[in-house]
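Please load the model in a viewer and keep the selection panel at hand. The tour below proceeds by selection, one stop at a time.

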Amino acid sequence: MKGLISEPFQKYEIPGPIKALVISKPKVVSSIIKRAKNPIFIVGHESTKVELNGKKPIDYVIRMAKASDIPVVAVSNTAREFLKRDFKPKALMASMEIGNLLTDPNWSINGKGPHDIALILGITYYVEWVILSGLKSFAYNHLKTISLDRYYQPNANWSFPNLSLKEWYENLEEIARELGVMEK
Amino acid sequence: MANLKIRIDELHTDKIIAKGFEFRVGRLIEEWEEEPGPTQMPNIASLRDWDRKLLSKYKPFYLPFCELCCLCTMGKCDLSQGKRGACGIDMAAQQSRIVLISCTLGAATHTAHARHLLDELIAKYGPDHPIDVGGASVYVEAPNIRLVTGIKPKTLSDLEDALEYCEKELIHLLAACHTGQEGDNIDFESKVFHAGMIDHVALEICDIAQISAYNFPKADPEAPLADIGISVIDPTKPTILVIGHNVPPSIEIYEYMKKAGLEDSIELCGICCTALDLTRKTSKAKIVGPLSHQLRFIRSGLADVIVVDEQCIRTDVLIEAKRVHAPLISTHYRNFQGLPDRTKDSIDEIVKDLVSAQVPGVALLDSEKVGEVAVKVALSVFKKRQKFKAIPLEPEVIKDAKRCTRCGNCQRVCPNYLPIPEAMLAVANGNLEPLSNLYEACIGCGRCEAYDVCHQGLKPHSMIVGASRLKMEQDRFKIRIGRGAIQDTEIRAVGGPIVMGEIPGVVAIVGCANYPGSWKDNAIIAEEFLKRKFIVTASGCAAMSISMYKNEDNQSLYEAYPGIFDAGGLVNCGSCVANSHISGALIKIASIFAKRKLNSNYEEIADYIHNRVGAVGLAWGAMSQKASSIASGFWRLGVPVIVGPHGSKYRRGLLGRKDIKEDWYVLDGRTGKRVYVGPTPEHLFISVEKKEEAMVLIPKLCMRPSDTTKGRAIKLYHYIDLYTKFYGILPDDIHLFVRTKADIPTTMKEEVIKVLEEKGWKESEIPSLDPTLLSKFVRVKG
Ligand code: SF4
Ligand code: SF4
Ligand code: SF4
């Protein structure tokens, strides 16, 4: 993975001493998802902003969610893009709302017990940064977080480093593929 | 309260024989017809129960923007993941402490502003100058002051007692932030609310004092329009730029211009609230724009003299002024800028030194002197400076862009991570458009130009502005000047429809210019709700941004919509301090329309507003500590506030849980019975990322337990309509807001009933029309 830098993409968003582990291999993510009891996917507007070879990050989200039956929370105005792709998110809410709910160990979106893994992709960088910071301090007993964003999110438990668009897509593709394999 | 003035025409005693003398004996509390309620001049503890009531429904979700604490020498301490600092504090308490520090700073800034302003106005106009904010149309002239302090001010000096109260409370609030004091986050939050309440008293003192003394528009819905935008400034004239919030020095500049017959020969323009307030005094003054326009306008070189007072001024203003050879005059001791204090020197000496560039600027703490010096210096340096610029011309921008290596550093330090590198690539190929497209989303912070950012030495911000010449030429709009208070008659007319819900809501679009995208978003939001017949109020930088947009008829929204406080009205109250008229209007709905006792009766009024007045604040570009204290004043009144994404850095939300039914019961004031009313309003403070989200939330957060079925149907209509418009799907929480079938908007019956059936919805009893959170307001215990 060329250009691997584990420092915040927005340079001045410096975290505390505990920083996200860099996802060096996409397999790490797929195996965490496979082991998770009740994962949840939180997806924001940045998931529809870029496109490469006719695909947007939201397309990978849908593949992963379908493959592993992960409930998706569409954040901000992302819902329309999901619906366009014939995919109905489990819920629509603001990033702060879902962050708040995840701090409650008794809450889950599907009634299947508390969420133990939150996958996050596409929230405004600095907003995701503070929400992950909130989860790091107020949900650490029951929840681990994985940022699947293109840029390093230091407050997650695991995050990609800062990636080129191509590298990001390759990683997302591999995770989706791994999960798909599991499905079969 | 007033000074007791005693005049004795003739006095004969054993020792004295005197004729015709007058003396004052301090100030006496003047009675008003209402007896004081239970909370006159409340201290930190007085309203704690009320605060806790609200905070049990709207619990804080903390977002540590910094995980470390470095407040004392035992630190730094890492407070993340359940750790405590060396003093014992935990993360929740620390975050709420930071919120308290922010709100106390904000409230202190407004209170200090009020002190400075009031002292100056009393010195100039006398302590007995009458308070008049709207003649006979505004009987309740000071709703915040009356509610909190029990003072009904008649003269400028009457405001001093209210101000002393604010000053005293602020000291206690600040002290609570010290190491080893408060340890409970909810108690910190209660103090945050206290700071907000104090803030609105201070804001009101400022604005009613200046309205009364300077004869600003007095609650006038037809206050005139003023010019706003960079291109309204005539470059052929000497130009004085004023920046800040404390208007007296700027008014003295205008007075001197008038006296010298120079009103039409000099451009007097401003940035931020000083500019807004200056236009309330004279239509000759022009507004450049909100605070995001500081760097670009100074660097444009149009200003021949820059005069700063206090608040929201770039702290590098002297450096920027020097770059364009514009002398700087600092008029306020809170903002000396390192300049020599020349207050006692002669005007001629000061002018000589500034014109000859002997000194780059001076501090001058006498407003009248500022007036004369600024004018004389502007006239003299105008020719010499020849509008010296620090903004590159287009060919230079293209030439520079060719040197960009697209390393991405500038983007990574930009608060909005604007895509500068790819725009540079386009510019290098001769296409300026992508760079000029960033013009409205650039908040003008200058971070991209710090010395270590661009290894090629490029100046992205200046290049954005340089590429946007055509845009700047179109920067020419109209704004309705700040009208001040809301008339009592307006309150009487709209009180009923607001409380019933038939006017779907009051949206206060306020705050700073730290926008996450184009500044036009504020106007787009305002227009949406004006068309939907909400009452839209505005103040400060947000009021300016709303004007900087043209609708399909090529009009600004202030030209297109009336300035009345009524459905479909766009009400610019004024500068930041005029936010007190927005909270004041809500208080007046409770006191004038609903006849609740006003005098020192905070809880009952707040309980009324929270449960019945469908109002919501939107601070899309909230940046400052002042913005946080203004918001906290609304929180204590139970009014929800939405902020843009940068507002997430205020470190916490106050969020309701609509999935927890138990949280949403009120008491029926007539019977004492507990009644489920649904999550109305759902949140007290939330940050959202996209303007569409804000637009969906606004009508939702305007729902109140007191809505009639007609009112609820109207609010639901707007909520569902906007939700489907932006998200392409029906909301999945409609069943929480529909109480009976009569609540369903008629045009949406079919689809809504389908959702209700899916959710297993059952008709509930019609909620009480007398909802309260507090058992003490139940008249007959159930
Ligand atoms: S105030 Fe407390 S948490 Fe902060 S640095 Fe001092 S000991 Fe540490
Ligand atoms: S920092 Fe300079 S070289 Fe790097 S992308 Fe920005 S303008 Fe180009
Ligand atoms: S000046 Fe504009 S472009 Fe530069 S960092 Fe600030 S917002 Fe970004």
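Begin inside chain B by selecting B:Ser212. Leaving aside neighbours within four places in sequence, B:Ser212 is in contact with B:His129, B:Pro130, B:Ile131, B:Asp132, B:Val133 and B:Lys218. The model is a predicted one.

**Stop 1: B:Ser212**

Show the helix that carries this residue: B:Ser212 is found in α5 of chain B, residues 185-214. Among the contacts, B:Asp132 deserves a distance label, as its backbone nitrogen lies 2.9 Å from a polar atom of the side chain of B:Ser212. Is B:Ser212 buried or exposed? B:Ser212 counts as buried because its relative accessibility is 6%, under the 20% cut-off.

**Stop 2: B:Cys103**

Next, select B:Cys103, which lies in helix α2 of chain B (residues 91-125). B:Cys103 has a relative accessible area of 0% and is therefore buried. Display its surroundings: not counting residues up to four places away in sequence, B:Cys103 touches B:Val192, B:Ala195, B:Gln625, B:Ser628, B:Ser629 and B:Ser632. Then add B:Gly196 and draw a line between the C-alpha atoms; B:Cys103 and B:Gly196 are 6.7 Å apart in space, although 93 residues separate them in sequence.

**Stop 3: the three ligands**

Select ligand 1 and the residues around it. These are B:Cys69, B:Leu71, B:Cys72, B:Met74, B:Gly75, B:Cys77, B:Gly85, B:Ala86, B:Cys87, B:Ile89, B:Arg97 and B:Thr179. Colouring this shell by class gives eight nonpolar, three polar and one charged residues.

Move to ligand 2. Around ligand 2 are B:Cys404, B:Thr405, B:Arg406, B:Cys407, B:Gly408, B:Asn409, B:Cys410, B:Pro421, B:Met424, B:Cys454, B:His455 and B:Leu458. Two helices of chain B, α13 (409-413) and α14 (420-428), each supply at least two residues of this shell. By class, the shell around ligand 2 has seven nonpolar, four polar and one charged residues.

Which residues are the closest to ligand 3? Of the 13 residues that surround ligand 3, the closest are B:Cys414, B:Cys442, B:Cys445, B:Gly446 and B:Cys448. The shell around ligand 3 divides into nine nonpolar, three polar and one charged residues.

**Stop 4: helix α23 and salt bridges of chain B**

Select residues 602-612 of chain B, which form helix α23; 10 of its 11 residues are buried. The buried residues include B:Tyr602, B:Glu603, B:Ile605 and B:Arg612.

Now select B:Asp707, which has two salt-bridge partners to display. With B:Arg712, the closest N and O atoms are 2.9 Å apart. With B:Lys715, the N to O distance is 2.8 Å. B:Asp707 counts as buried because its relative accessibility is 2%, and B:Lys715, with a relative accessible area of 1%, is buried as well. B:Arg712 is also buried.

A further bridge to select is that between the side chains of B:Arg739 and B:Asp743, at 2.8 Å from N to O. Both B:Arg739 and B:Asp743 are buried. Salt bridges that share partners also join B:Arg596, B:Glu604, B:Arg612, B:Asp770 and B:Arg779 into one network. B:Arg612 has already appeared among the buried residues of α23(B). Over all chains, the whole structure holds 67 salt bridges.

**Stop 5: the interface of chains A and B**

Finally, show both chains and select the residues in contact across them: 48 residues of chain A meet 51 residues of chain B. Together, the two chains bury about 4200 Å², 58% of it on carbon and sulfur atoms. On chain A, select A:Tyr12, A:Met96 and A:Tyr126; these lose the most area to chain B, together 17% of what that side buries.

How many salt bridges are counted between chain A and chain B? The count is three. To view a salt bridge between the chains, select A:Lys136 and B:Glu67, whose side chains meet at 3.0 Å, N to O. There are also 24 residue pairs in polar contact between the chains, both residues being at pLDDT 80 or more.

Colour chain A by secondary structure to see what faces chain B. Helices α3 (79-84), α4 (95-102) and α5 (125-138), together with strand β4 (91-93), each supply at least two residues of the side that touches chain B. The largest share of that side, 11 residues, comes from α5(A). By class, the side of chain A that touches chain B has 24 nonpolar, 15 polar and nine charged residues.

Note on methods: Residues are numbered from 1 along each chain as its sequence is written. Chains are lettered from A and ligands numbered from 1 in the order in which they are written. This is a predicted model: local features need pLDDT of at least 70, side-chain atom pairs count only at pLDDT 80 or more; totals for chains, interfaces and linings use all residues. Side-chain values use heavy atoms; hydrogens and water are left out. A residue is near a molecule or strand if one of its heavy atoms lies within 4 Å of it. Helices (H or I, at least four residues) and strands (E, at least two) are DSSP runs, numbered from the N terminus. Ala, Val, Leu, Ile, Met, Phe, Trp, Tyr, Cys and Pro count as nonpolar, Asp, Glu, Lys and Arg as charged, and the others, Gly among them, as polar. Contact means heavy atoms within 4.5 Å. Buried area is the accessible area (1.4 Å probe) that two parts lose on being put together, summed over both. A salt bridge is a side-chain nitrogen of Lys or Arg within 4 Å of a carboxyl oxygen of Asp or Glu. A polar contact is a pair of N or O atoms within 3.5 Å; within protein, one must be able to donate a hydrogen and the other to accept it, and residues adjacent in sequence count only if both atoms are side-chain atoms. Buried means under 20% relative accessible area, exposed over 50%, partly exposed in between (1.4 Å probe, protein chains only).
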